[in-house]
Amino acid sequence: MRASAAGAVVSGLLIAGCHTITEELPTRPSQEAPGSTISIQLPSFALPTPSPAPTPRSTPTPAPGPNPTPGPNPTPGPNPTPGPNPTPTPPPPTGGTCTNPDPGPVTKIEVKVHIYGANRLILDSTPMVGPDAEYCKKIGFTDGRRYCPPRPEGHPERIECDSLLMGRAADTGRIGPTWKINGAPCVFEYGCENHPDNQFSSFAYKPGLFEACATNEVCGWLQLN
């Protein structure tokens, strides 16, 4: 998948020690024996502790003045003419169609570390179809695999096919998976953040179980320890 190589430093994040990432293919749906497990060394990191909010200073109560003389009631003006309903924003173009051959539904989602940053990791997700060795071979994977992305990397229909399989995220409404951390929404306070330019990617700021789920509720995950 494509992802913006974001390496911006998040201030106040601490780096200490090394830990292990364990990546597993999702178990939902279970159509084939579990895949391989990959261990990678990475720095650990922690979220910054927010500073306490300053205590507001009290404002002295002004002395009461004389009661103002009431003025005449204002004359109501004409009711404004309602404008036309706003036109919904169309989805962004995704570069073409996804046909010949049509992919089956997403049955697995691969989640992996895409970029190692000083204070965060950038995760990436890829929808997978299968088990269908014939389909995988037909679109260019000749190594006998039974699960594969809907199109090879660099194919002109890759973006359209990935979008078709993954659907739109429940929280952002963008094309791509819904990200979660430890079952909670992907927000900075929990150590997760949606990528600003690519819903297929997310930022990881702390250890936890990161999930990427398609609209058909198939999810892939990556455990960061």
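Which side chain does Arg158 meet in a salt bridge at 3.2 Å, N to O? The partner is Glu153. A salt bridge here is a side-chain nitrogen of Lys or Arg within 4 Å of a carboxyl oxygen of Asp or Glu. The model is predicted, so local features need pLDDT of at least 70 and side-chain atom pairs count only at pLDDT 80 or more, while totals for chains, interfaces and linings use all residues. Residues are numbered from 1 along each chain as its sequence is written, and side-chain values use heavy atoms, with hydrogens and water left out.

Arg158 has a second salt bridge partner, Asp162, with an N to O distance of 3.0 Å. Both of these residues belong to helix 2, residues 158-166, and stand 4 residues apart, about one turn of the helix. Helices are DSSP runs of H or I with at least four residues, strands are runs of E with at least two, and both are numbered from the N terminus. An α-helix has 3.6 residues a turn, so residues three or four places apart point the same way. Through shared partners, the salt bridges join Glu153, Arg158 and Asp162 into one network.

Arg158 counts as buried because its relative accessibility is 4%; the classes are buried under 20% relative accessible area, exposed over 50% and partly exposed in between, with a 1.4 Å probe and protein chains only. Asp162 is buried as well. The rest of helix 2 gives a similar picture, since 7 of its 9 residues are buried and the helix is mostly covered. Alongside Arg158 and Asp162, the buried residues are Glu160, Cys161, Ser163, Leu165 and Met166. Their cover includes strand 3 (108-116) and strand 4 (121-128), where contact means heavy atoms within 4.5 Å. Just after the helix, Gly167 has a positive phi of about 80°.

The whole structure contains 4 salt bridges. Another of them joins Asp143 to Arg145, with the closest N and O atoms 2.8 Å apart. Here Asp143 is exposed, at 51% relative accessibility, and Arg145 is partly exposed, at 30%.

The aromatic side chains come next. Rings of Phe, Tyr and Trp (its six-membered ring) pair if their centres lie within 6.5 Å; planes under 30 degrees apart count as stacked, over 60 as edge-to-face and the rest as tilted. The count by this rule is 2 aromatic pairs. In one, the ring centres of Phe188 and Tyr205 are 5.0 Å apart and the planes stand at 75°, so the pair is edge-to-face. This pair links distant parts of the chain, 17 residues apart: Phe188 sits in the loop between strand 6 (184-185) and strand 7 (192-194), and Tyr205 in the loop between strand 8 (201-204) and strand 9 (208-213). Phe188 is partly exposed at 28% relative accessible area, whereas Tyr205 is buried at 2%. Tyr205 also pairs edge-to-face with Phe203, at 6.4 Å centre to centre and 70° between the planes. Phe203 is buried, with 5% relative accessibility. The ring pairs thus make a cluster of Phe188, Phe203 and Tyr205.

Charged side chains also lie over rings, which requires NZ of Lys or CZ of Arg within 6 Å of the ring centre and within 35 degrees of the ring normal. Arg120 lies over the face of Phe203, at 3.9 Å from the ring centre. Lys108 lies over the face of Tyr147, also at 3.9 Å from the ring centre.
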